[in-house]
Amino acid sequence: MNCLVCSYCFRFIGSIEHQIGRQLFWLDFGVPTDDCEGKELSHPNRDFCNSHHSDEAGSSGKELQENGGCSSSSSKPKVSIPKDLLHSLMNGDTLLPYSEHFPLPSIVPCPGACEESYYCSPSCAHADWEEFHSLLCTGKGSKALSTEALLKFIEHANETNDIFLPAAKVISFTILRYRKFKADWISGKGKYDASVKSAFSLLLEAWKPVSMGHKKCWWGCVDLPNDIDHGDEGAIRMQIKELADESLQLLKAAIFDHECEALFSLEIYGHIIGMFELNNLDLIVESPLVNYFKHIDDLPSLEKREAEQIIRPILDALGDEYSTCCQGTAFFPLQSCMNHSCKPNAKAFKREEDLDGDAIIITLEPIQKGEEITISYIDEDLPIEERQELLADYGFRCKCPKCLEETIEGVN
Ligand SMILES: [Zn+2]
Ligand SMILES: [Zn+2]
Ligand SMILES: [Zn+2]
């Protein structure tokens, strides 16, 4: 919320000034920022969400405050910025020194005019519209049955559990793909010709990318807090199921499609959310503000002093919050196909130069042609018993070379 990123590729957009203005604006409202180091993710909405935090986020942005001798240990802003400066930062009237070295793509609005989704380019706007957003847009151009119902669904997700939002995206994605396949089939233009027997087989085809993830039902596989009573477990899982049903009914009122009725069963909904539980990677895109403030900090002393006269009040107002990154979870179908090993030969990684939401898988050792690529779903340095316990949530007992070796050692 405090950073403005492309709703499709998660690249930061607008300008350095706009990003700063936006953060100050939300701080003014008392909205806490996401902490890149994953310390503050105990958001009440996320009680039942995945909590595999990544610790790859950069904290290099701290330098300026430490060196600048003007740091405050509290994350609350001590100084507030005049409202008109804040607005002139957001609308581009105020330019900050050296920001021209950190150009960001200009903001492209949603084609459905919802004022919720923004893009880095017309191509991202178009791709998101075609693939996901046209059914979930709350603007005038939306293809939802009812934007009013859609707003109720979103409000419910924000109040209860925001994992319902990506689940709706999966359903919207499948419906839109199905409609496209069907249009091709009827017109005879696409790859689907008369050999396709039924519209249902097109729905299965549309569902294919999603079907790659490991799936278990959400209320069955979700981690519950350790301190709950065993006797309460069944009741809590039942409550989670009821919550999912509430959410599904709201979504149905918003985007139901008779031909895709199969997608709207509670069973499927539970499995989609379960898939997010089990396959998601934390996605972090570092804020360009980190590099911007570092650039100022690294200037020769005269230039630095001049720039700081302008930047200092802003930094003081931002407090510790200026390096806020864009943080979320993401589902990558290809990555979700990779099997687990406690001695993996690859890992999902985000490099500093990766400015968007893509996941990069890097190899940890040479991999031979034909050899399986494995990643670790858990912290592979944990003792074997803890590893097996965590992996039981994914529905298997690990028999990787490391586990086998440690089991044999344990027996001897
Ligand atoms: Zn984009
Ligand atoms: Zn929209
Ligand atoms: Zn193992």
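This report walks through the fold, the core, two helix contacts and a handful of single residues.

**Overall fold**

The model is predicted. The protein has 412 residues, and 36% of them are buried. Its secondary structure comes to 15 helices and eight strands. Long-range contacts are well represented. Among contacts with a separation of 6 or more, 73% join residues 24 or more positions apart.

**The nonpolar core**

The largest nonpolar core holds 65 residues. Val5, Cys6, Phe153, Ala167, Trp218 and Ile273 touch the most other members of this core. Two or more core residues come from each of these elements: helices H4 (122-131), H5 (147-159), H6 (164-187), H7 (199-211), H8 (218-221), H9 (233-255) and H10 (266-279), and strand S3 (281-285). H6 supplies the largest share, nine residues. As background, nonpolar side chains in soluble globular proteins tend to be buried together.

**H6 against H10**

Two of the core helices also pack on each other. The angle between H6 and H10 is about 115°, and their axes are 9 Å apart. The crossing of H6 and H10 is right-handed. H6 brings Pro166, Ala167 and Val170 to the contact. H10 answers with Tyr269, Ile272, Ile273 and Phe276. By class, this contact of H6 with H10 has seven nonpolar residues, with no polar and no charged ones. Ala167 and Ile273 appear in this contact, and both are listed among the core residues that touch the most other members.

**H1 against H3**

The second helix pair involves H1 (residues 16-28) and H3 (residues 83-90). Their packing angle is about 140°, with the axes 7 Å apart. That angle makes H1 oblique to H3, because it falls short of the range over 145 degrees that counts as roughly antiparallel. H1 and H3 cross in a left-handed sense. On the H1 side, the contact residues are Glu17, His18, Ile20, Gly21, Arg22, Leu24 and Phe25. On the H3 side, they are Leu86, Leu89 and Met90. The residues of this contact of H1 with H3 divide into six nonpolar, two polar and two charged. The H6 contact with H10, by comparison, has no polar and no charged residues.

**Two positive phi values**

Most residues other than glycine have a negative phi. Two residues here go the other way. Phe10 has a phi near 70°, a positive value in a residue other than glycine. Phe10 sits in the segment before H1. Is Phe10 buried or exposed? Phe10 is buried, because 22 other C-beta atoms lie within 10 Å and the cut-off is 20 or more.

Tyr98 is the second case. Its phi is near 65°, again positive in a residue other than glycine. Tyr98 lies in the loop between H3 and strand S1 (108-109). Tyr98 counts as partly exposed, with 15 C-beta neighbours inside 10 Å.

**Pairs distant in sequence**

Three residues illustrate how separated stretches of chain come together in space. The table gives C-alpha to C-alpha distances.

| Residue | Partner | Apart in sequence | Apart in space |
|---|---|---|---|
| Ser211 | Ile272 | 61 residues | 9.2 Å |
| Lys402 | Ser341 | 61 residues | 8.1 Å |
| Glu131 | Thr174 | 43 residues | 8.5 Å |

Ser211 is placed in helix H7. Ser211 counts as exposed, because it has 12 C-beta neighbours inside 10 Å and the limit is 12 or fewer. Its partner Ile272 is one of the H10 residues that meet H6.

Lys402 belongs to helix H15 (residues 401-411). Lys402 is partly exposed, with 17 other C-beta atoms within 10 Å. Which residues does Lys402 contact, leaving aside its neighbours within four places in sequence? They are Cys342 and Lys343.

Glu131 is found in helix H4. Glu131 is partly exposed, with 15 other C-beta atoms within 10 Å. Not counting residues up to four places away in sequence, Glu131 touches Phe173 and Leu176.

How values were computed. Residues numbered from 1 in each chain as written. Chains lettered and ligands numbered in written order. Predicted model: local features only at pLDDT ≥ 70, side-chain atom pairs only at ≥ 80, totals over all residues. Axes fitted to C-alpha atoms, helices over the stretch in contact; angles between N-to-C directions. Helix = DSSP H or I, 4+ residues; strand = E, 2+ residues; numbered from the N terminus. Parallel < 35°, antiparallel > 145°, perpendicular 65-115°, else oblique. Left-handed = near helix turned anticlockwise from the far one by under 90°. Contact = placed C-beta atoms within 7 Å. Nonpolar A, V, L, I, M, F, W, Y, C, P; charged D, E, K, R; others polar. Core = buried A, V, L, I, M, F, W, Y, C linked by C-beta atoms within 7 Å.
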